[in-house]
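Visitor: Could you pick one strand in this protein and walk me through it up close? I'd like to know what covers it and what sits beside it.

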Amino acid sequence: MTAGQGLRVERDKATGVAVLTLDRERKHNAIDLETATELAAAWRELRYEDDVRAVVLTGAGPAAFCTGIDRDVSVRQPPSPYSVDDPLVAIGPKANDLWKPVVAAVNGMACGGAFYLLGESEFIVSATTATYFDPHTSYGMVSAYEAVYMAQRMPFGEAARMSLMGTAERLSARRAYEIGLVSELAEPDGLLPAALRAAETMAGFPTEAVQGTVRALWSAKQAALQQALSQAPALIALGNLAPERQADLFAARRDRSAEPRVR
């Protein structure tokens, strides 16, 4: 097992499966700059490990898979409206040229920047208690990368509704399964075993065939994905509120008594 500040990596040579666990439970597994660096490094390292033939990605604790960027992170931005420095843009496996199959095991909340990771996983196994939502618009931010990734994995109307309804609604695990975002539901205590069962099956097949199939699947949509993502920096730069106004909206959320609708 290897561990950093916010990521645990466990390898099982007997099964050929590695488990990557976002390990910032007290922060709902939000990603800070150190964890973003650790994720990118882990994906790139796994490319060279013949003993690892499939990966499970999950979050520590029952409350959250990942809640996106840590709000305490400060990222200096260029003054151009055509450029954005996004610390999450390279946290996924495909962004790091890993073509071994990745199964996301979602436990609890998955929101915002979590979709960078879910968007680059092969499929999602979800706890029945998990929820999915995108808070960006509620806080004066453009959902660009997140919306693009979800629009490729969900019916357009469902992706649009989740992206636009902000914190007012959450998608239940059942609904996520019904629309095809999630491929399997499991009770919370059976989540990791279910994800491992799938990963171990794929790891048991000839690795060249498995990786070739992963690459073929992604070639079917990668051109459209990259074209859409290329628009994201300008849309974010032009549409986001100033950081201090975003901070005011985040602070005000504590005063809101209304619970989000779960559908």
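Guide: Happy to. Keep in mind that this is a predicted model. Let's go with strand β6, which spans residues 102-106 and is mostly covered: five of its five residues count as buried. Buried here means under 20% relative accessible area. If you look at the two sides of β6 in turn, Val 102, Ala 104 and Val 106 sit on one face, Val 103 and Ala 105 sit on the other, and both faces are covered.

Now for what lies alongside. β6 pairs with strand β4 (residues 54-59) through four bridges, and the two run parallel. Strand β8 (residues 123-127) is also joined to β6 by four bridges, again in parallel. A handy residue to find on screen is Ala 105. On the β4 pairing, Thr 58 stands opposite Ala 105; on the β8 pairing, the residue opposite Ala 105 is Val 125.

While you have the model open, here's another buried spot to visit, this time in a loop. Ser 143 lies between β9 (131-133) and α3 (145-151). With a relative accessible area of 14%, Ser 143 falls under the 20% cut-off, so it counts as buried. Its side chain makes a polar contact of 2.5 Å with the side chain of Asp 134, and it also reaches the backbone nitrogen of Ala 147 at 3.4 Å. Setting aside neighbours within four places in sequence, Ser 143 is in contact with Asp 134, His 136 and Ser 163.

Notes
Residues numbered from 1 in each chain as written. Predicted model: local features only at pLDDT ≥ 70, side-chain atom pairs only at ≥ 80, totals over all residues. Heavy atoms only, no water. Buried < 20%, exposed > 50% of the residue type's maximum accessible area, 1.4 Å probe, protein only. Polar contact = N/O pair within 3.5 Å; in protein donor to acceptor, adjacent residues only side chain to side chain. Contact = heavy atoms within 4.5 Å. Pairing = 2+ DSSP bridges.
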